[in-house]
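Work through the exercises below with the sequence and the structure at hand. Try each task before reading its solution.

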Amino acid sequence: MKLSLKKYVLPLKHTFSISRESHNFQDTLIACLSHHGETGYGEATSNPYYKITLESMEQEIEAIKKEIESFDFTTPEKFHAFLNTKKLSNFALCALDLAAHDLYGKLLKKPLYSIWGTDNSSYPITNYTIGLDTLEKMVEKIKEFPWPIYKIKLGTDHDVAIIRELRKHTDSIFRVDANCAWTAEETIHNAPLLKELGVEFLEQPLKADDWNGMELVSHHSVLPTIADESCIVESDVEKCGLHYNGINIKLTKCGGLTPALRMIGKGKELGLKVMVGCMTESSVGISAIAQLLPQLDYVDMDGALLLKEDIADGIKILEHGKLIFPTLGGSGITLKA
């Protein structure tokens, strides 16, 4: 195989704010694996919360480039097992694993969902994220982008008032993501008010390690809860099953499609709702997520929709959430530049 890395700084359409940070650009690393005339692409974004930078991922991967290029590639799973022995961060591992899956499908000339034996004739609609902002700006974003499901980022001392105001401007489903900003008491208090306002579920209301608080929430919240920051890797799924109603799997956090598939299986075994989310990736990462759609209850794959300009072609997201899947094998990705 041949390996190359490409670094991009992706401008966002709007400042993206959550309870702990704001940014106008998203740094992202694209891994390119070429073999037998085909090239697979994978992606991982930088992330200050997890102390991941473009430079750190690049250094990790470049340090084992010769070993990667001499690896006898047969399947993504065997490649992932090999990479696991190299102690990479899960973000760097994700970029390589996604590239390996895209390459594998292109070599077989089959999309990944077909290789996995799933049917893409029906799929959940992605939500569209409205980041924390002034009320006026949040309303403006909703009017600018009419959509059937919105994920609303919260984490203020007037969160219910925000949802109440946004509800005046749309009948769409709301999902609320507090990004660890609430207490158990706030969550239990807010839940019935938000339910009346058409909120479907609460994503990660408490700090990731506040298991005692989530124990209270699990018994008293009238809205379902979905784990995000509490569900990073495979070993987290079982514990989340005791405290949450569902899990949100991020490919970058767990290390790619290989572990994500196992997490989906474990989540379903435990009776959890299963969601896959994104980290403002381009269509490289989003197209990989799309291959999992037939296996999911919910999805947050709006990353490329939040960008001023995409760097790749792959899955196409149309009005009202309808999708056009790529005709290429794998994740169906081609880079524009």
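A residue is called buried under 20% relative accessible area, exposed over 50%, and partly exposed in between. The model used here is predicted.

**Exercise 1.** Classify Asn 24 as buried, partly exposed or exposed, and describe its surroundings.

Solution.
Step 1. Locate the residue: Asn 24 belongs to strand E2, residues 22-35.
Step 2. Apply the cut-offs: the relative accessibility of Asn 24 is 39%, so it counts as partly exposed.
Step 3. List the contacts. Apart from residues up to four places away in sequence, Asn 24 touches Leu 10, Pro 11, Leu 12 and Thr 15. With Thr 15 there is a polar contact between the side chains, at 2.4 Å.
Step 4. Look along the chain: Leu 307 is 283 residues apart from Asn 24, yet their C-alpha atoms are separated by 9.7 Å.

**Exercise 2.** Find which side chains make polar contacts with the side chain of Glu 43.

Solution.
Step 1. Glu 43 is located in strand E3, residues 38-45.
Step 2. Check for a salt bridge, which needs a distance within 4 Å. Lys 336 is the nearest side chain of opposite charge, but it is 12 Å away, and buried Glu 43 has no salt bridge.
Step 3. Check for polar contacts. The side chain of Glu 43 has one with the side chain of Thr 28 at 2.6 Å, and another with that of Ser 282 at 2.9 Å.
Step 4. Widen the view: beyond its neighbours within four places in sequence, the contacts of Glu 43 include Cys 94, Thr 252, Val 284 and Gly 285.

**Exercise 3.** Compare the span of helix H8 with its expected value, then describe the helix.

Solution.
Step 1. H8 covers residues 184-196, which is 13 residues.
Step 2. The expected span is 1.5 Å times one less than the number of residues, so H8 should span 18 Å.
Step 3. The end C-alpha atoms of H8 are 19 Å apart, which agrees.
Step 4. H8 bends by about 35° at Asn 190, with Pro 192 following within four residues.
Step 5. Ala 184, Thr 187, Asn 190, Ala 191 and Leu 194 are buried in H8. The buried residues pack against helix H7, strand E7 and helix H9.
Step 6. After H8 comes Gly 198, with a positive phi near 85°.

**Exercise 4.** Decide how many of the residues of helix H13 are buried.

Solution.
Step 1. H13 consists of residues 283-290. Among its buried residues are Val 284, Gly 285 and Ile 286.
Step 2. The count is eight of eight, so H13 is largely enclosed by the rest of the structure.

How values were computed: Residues are numbered from 1 along each chain as its sequence is written. This is a predicted model: local features need pLDDT of at least 70, side-chain atom pairs count only at pLDDT 80 or more; totals for chains, interfaces and linings use all residues. Side-chain values use heavy atoms; hydrogens and water are left out. Helices (H or I, at least four residues) and strands (E, at least two) are DSSP runs, numbered from the N terminus. Buried means under 20% relative accessible area, exposed over 50%, partly exposed in between (1.4 Å probe, protein chains only). Lys and Arg count as positive and Asp and Glu as negative; His and the chain ends are not counted. A polar contact is a pair of N or O atoms within 3.5 Å; within protein, one must be able to donate a hydrogen and the other to accept it, and residues adjacent in sequence count only if both atoms are side-chain atoms. Contact means heavy atoms within 4.5 Å. The bend at a residue is the angle between axes fitted to the seven residues ending there and the seven starting there.
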